[in-house]
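Student: I have a structure open and not much idea where to begin. Can we go through it?
Tutor: Yes. Ask as you go.

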Amino acid sequence: MMKKILLAILVALPMLAVAQSPKFGVVNTQTVMEAMPDVKTVNEQIEAASKKYEDEFQKLNEQMNKEYADFQALDAATPESIKQRRQQEIQDLYNKLEQFRVTASQDLQRQQQQLMAPVIEKMTTAINAVGKENGLTFIFEYGQPIYTGDDVIDVTPLVKKNLGLQ
């Protein structure tokens, strides 16, 4: 009797190990993001803000170019103190232009991060839901795997479906 129980356990043990083997999935988040209408809205908002910064930058650049042209037009009879003041004004405008460029770039990055945060959260929630629904142990970003076994599932279509995308 003991041998039969031991034999049954030995036969059942490999089946239990197979039943509990980890399942892996891959997802191409770039493809999912491109299909999300929220991303298009965010990109449009960032482009509009970028256009405003570009317009302002162009105005500052034109102002600096005008000042530089005026400085170049000064004749040799112009006192040195006036030339130095004009040079300082041009340098101040250049510094202002560079500071504006840096500030605008930082602001656009901050805006993009703020606007994309809910979109990324939405996608992450969908990926987590697909993982739970399909009993997956891990979901990896789709990339350049050296080897992918038959048991790895591409969950990108499932994530899109969960988000209501095609």
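**The core and what surrounds it**

Tutor: The largest nonpolar core has 18 residues, and those with the most contacts inside it are Val32, Met33, Met36, Val119, Val159 and Leu163. A nonpolar core here is a set of buried Ala, Val, Leu, Ile, Met, Phe, Trp, Tyr and Cys residues joined through side-chain atoms within 4.5 Å. Buried means under 20% relative accessible area, exposed means over 50%, and partly exposed is in between, with a 1.4 Å probe and protein chains only.

Student: Which helices each supply at least two residues of this core?
Tutor: Helix 2 (29-35), helix 3 (37-73) and helix 4 (80-133) do. Helix 4 gives the most, with six residues. Helices (H or I, at least four residues) and strands (E, at least two) are DSSP runs, numbered from the N terminus.

Student: What does a second, separate core include?
Tutor: That one has five residues, among them Leu60, Met64, Leu93 and Phe100. As background, nonpolar side chains tend to be buried together in soluble globular proteins.

Student: Before I trust any of this, where does the model come from?
Tutor: It is a predicted model, in which local features need pLDDT of at least 70 and side-chain atom pairs count only at pLDDT 80 or more, while totals for chains, interfaces and linings use all residues. Residues are numbered from 1 along each chain as its sequence is written, and side-chain values use heavy atoms, with hydrogens and water left out.

Student: Back to Val32. What is it in contact with?
Tutor: Leaving aside neighbours within four places in sequence, Val32 is in contact with Val27, Met123, Thr156, Val159, Lys160, Leu163 and Leu165. Contact means heavy atoms within 4.5 Å.

Student: Lys160 is on that list. Is Lys160 buried or exposed?
Tutor: Lys160 is buried, yet it has no salt bridge. A salt bridge is a side-chain nitrogen of Lys or Arg within 4 Å of a carboxyl oxygen of Asp or Glu. The nearest side chain of opposite charge is Glu34, 7.4 Å away. For charge, Lys and Arg count as positive and Asp and Glu as negative, while His and the chain ends are not counted.

Student: Where does Lys160 lie, and what does Lys160 touch?
Tutor: Lys160 lies in helix 5 (residues 156-162). Not counting residues up to four places away in sequence, Lys160 touches Thr31, Val32, Ala35, Leu165 and Gln166.

Student: And Thr156, buried or exposed?
Tutor: Thr156 counts as buried because its relative accessibility is 8%. Thr156 is also in helix 5. Beyond its neighbours within four places in sequence, its contacts are Val26, Val27, Asn28, Thr31 and Val32.

Student: New topic. How many strands does the chain have?
Tutor: There are three strands, along with five helices. Along the sequence the pattern reads α-β-α-α-α-β-β-α.

Student: What order do the strands of the sheet have?
Tutor: The order is 2-1-3 in an open sheet with parallel pairing. Strand 2 (138-141) and strand 3 (152-154) are the edge strands, each pairing on one side only. Two strands pair if DSSP finds at least two bridges between them.

Student: How many bridges join strand 1 to strand 2?
Tutor: Four bridges join strand 1 (residues 24-27) to strand 2. In strand 2, Phe24 stands opposite Phe138, and Val27 stands opposite Glu141. Strand 1 and strand 3 pair over three bridges, and there the bridge partner of Phe24 in strand 3 is Val152.

Student: How many salt bridges are in the whole structure?
Tutor: A search finds six. One of them joins Arg85 and Glu89 at 2.6 Å, N to O. Those two are separated by about one helical turn because they are four residues apart in helix 4.

Student: What about Asp70? What does Asp70 form a salt bridge with?
Tutor: With Lys66, the closest N and O atoms being 3.2 Å apart. Both lie in helix 3, four residues apart. Asp70 is partly exposed at 31% relative accessible area, and Lys66 counts as exposed at 51%.

Student: Last one. How much of the chain counts as buried?
Tutor: Of its 166 residues, 23% count as buried.
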